[in-house]
Amino acid sequence: ISESHSNTGVHFDTTDFNFNKDDNFSLSIWAKRFHPTATNADPTTGTVQGIFTRGTTDDSFGIDYHHGDNQIRVGVRPGDSDTRRGVTKTMSDDLLDWHHIVMTYESSSATGLKLYVDGVLEGSNTTVTDLDGNVMGDFSSSITTDVERLTIGGSDVTAGSAKSFSGFLQYPRVYNRTITPSEVNSLYLNPPGITETKITDV
């Protein structure tokens, strides 16, 4: 893991998390927005803050927060904005309290993209086709810069005007499979991941 330069978050220095359309995978993280001097955690510019993402706009996937709409978002984007598949959850507290967020992806499934918040399934979307109606394309490019690495809290988002996350992020987890609803709930109830269900991290 490395922190390369300002406003770019923490990057995973590996290609192990270069997931793509034919893979199954899951991302799990706890998040709370905060700013030590401002009255809220919204940046003065930009509309979206990265939480747990890989890539930015074209060829990207992950979890971000649209502070203009007060929405947690998960998504995959194989091309321009017309191709992005996503699921959202509007937060009544503007994500100013701690919440557990999980994105799961199952390849070629009518409900393959899922968003869980605090152990509850908030919605799903297809991974068979992109938003244009074409067969889902690759949403991970080869890694040549930090912006293409899996990143925590950086200014990498699947859509919108990007800014780095302002607040706290804890217990990031990556799985090379689609974890089950019961496993999601177990991670919510046991944030450190010490559970009787023996969830295996990757």
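Select Y116 to begin; this residue sits in strand β8, which covers residues 113-117. The model on screen is a predicted one. Y116 counts as buried because its relative accessibility is 3%, below the 20% limit. To see what surrounds Y116, show the residues in contact with it, setting aside those within four places in sequence: H100, I101, V102, T104, L121, E122, P181 and V184. For one distance to check, pick the C-alpha atoms of Y116 and T104: they are separated by 8.4 Å, and the two residues are twelve apart along the chain.

Next, move along to D118, in the loop between β8 and β9, the latter being residues 120-125. What is the sign of phi at D118? Phi is positive there, about 55°, although D118 is not a glycine. D118 counts as buried, since its relative accessibility is 19% and the limit is 20%.

T57 is the next stop. Look for T57 in the loop between β3 (48-54) and β4 (60-66). T57, a residue other than glycine, also has a positive phi, near 55°. Is T57 buried or partly exposed? With a relative accessible area of 27%, T57 is partly exposed.

Now zoom out to the whole chain. How many helices and strands does the chain have? There are twelve strands and one helix. Following the sequence, the order is β-β-β-β-β-β-β-β-β-β-β-β-α, with the helix coming after the strands. The chain has 202 residues, and 48% of them count as buried. The accessible surface comes to about 9000 Å², and carbon and sulfur atoms account for 47% of that surface. Taking contacts between residues at least 6 apart in sequence, 62% join residues at least 24 apart.

Zoom back in on Q71, in strand β5, which runs over residues 71-77. Q71 counts as buried because its relative accessibility is 18%, under the 20% limit. Display the side chains of Q71 and T90: a polar contact of 3.4 Å joins them. T90 is one of the residues in contact with Q71 once neighbours within four places in sequence are left aside. The others to select are D64, Y65, H66, T88 and K89.

Aromatic rings come next. How many aromatic pairs does a search of the whole structure find? The search finds 13. One to display is the pair of F17 and F19, which is tilted, with 6.3 Å from centre to centre and 45° between the planes. Both F17 and F19 are buried. Another is the pair of Y105 and F139, whose ring centres are 5.3 Å apart; the planes are at 75°, so this pair is edge-to-face. The pair of Y105 and F139 links distant parts of the chain, 34 residues apart. Y105 belongs to strand β7 (residues 99-105), while F139 is in the loop between β9 and β10 (150-152). Y105 is buried, with a relative accessible area of 0%, and F139 counts as buried at 0% relative accessibility.

Keep those four residues selected and add F12, F25, F52 and F61. Together, F12, F17, F19, F25, F52, F61, Y105 and F139 form one aromatic cluster.

The loop between β9 and β10 also holds V135, the next residue to select. Is V135 buried or exposed? V135 is exposed, because its relative accessible area is 67%, over the 50% limit. Leaving out residues up to four places away in sequence, V135 touches V128, T129 and D130. Then select K21, which is 114 residues from V135 along the chain; the C-alpha atoms of V135 and K21 are separated by 9.9 Å.

Finish on the surface. Which residues make a nonpolar surface patch of about 280 Å²? Select F34, W98 and F168 to see the patch. F168 lies in strand β12, which covers residues 167-175. F168 counts as partly exposed, since its relative accessibility is 38%.

Note on methods. Residues are numbered from 1 along each chain as its sequence is written. This is a predicted model: local features need pLDDT of at least 70, side-chain atom pairs count only at pLDDT 80 or more; totals for chains, interfaces and linings use all residues. Side-chain values use heavy atoms; hydrogens and water are left out. Helices (H or I, at least four residues) and strands (E, at least two) are DSSP runs, numbered from the N terminus. Buried means under 20% relative accessible area, exposed over 50%, partly exposed in between (1.4 Å probe, protein chains only). A polar contact is a pair of N or O atoms within 3.5 Å; within protein, one must be able to donate a hydrogen and the other to accept it, and residues adjacent in sequence count only if both atoms are side-chain atoms. Contact means heavy atoms within 4.5 Å. Patches are made of residues with over 30% relative accessible area and no salt bridge: like charges are joined within 9 Å, nonpolar side chains (Val, Leu, Ile, Met, Phe, Trp, Tyr) within 5 Å. Accessible areas come from the Shrake-Rupley method with a 1.4 Å probe; for residues, only the protein chains shown count as cover. A salt bridge is a side-chain nitrogen of Lys or Arg within 4 Å of a carboxyl oxygen of Asp or Glu. Rings of Phe, Tyr and Trp (its six-membered ring) pair if their centres lie within 6.5 Å; planes under 30 degrees apart count as stacked, over 60 as edge-to-face and the rest as tilted.
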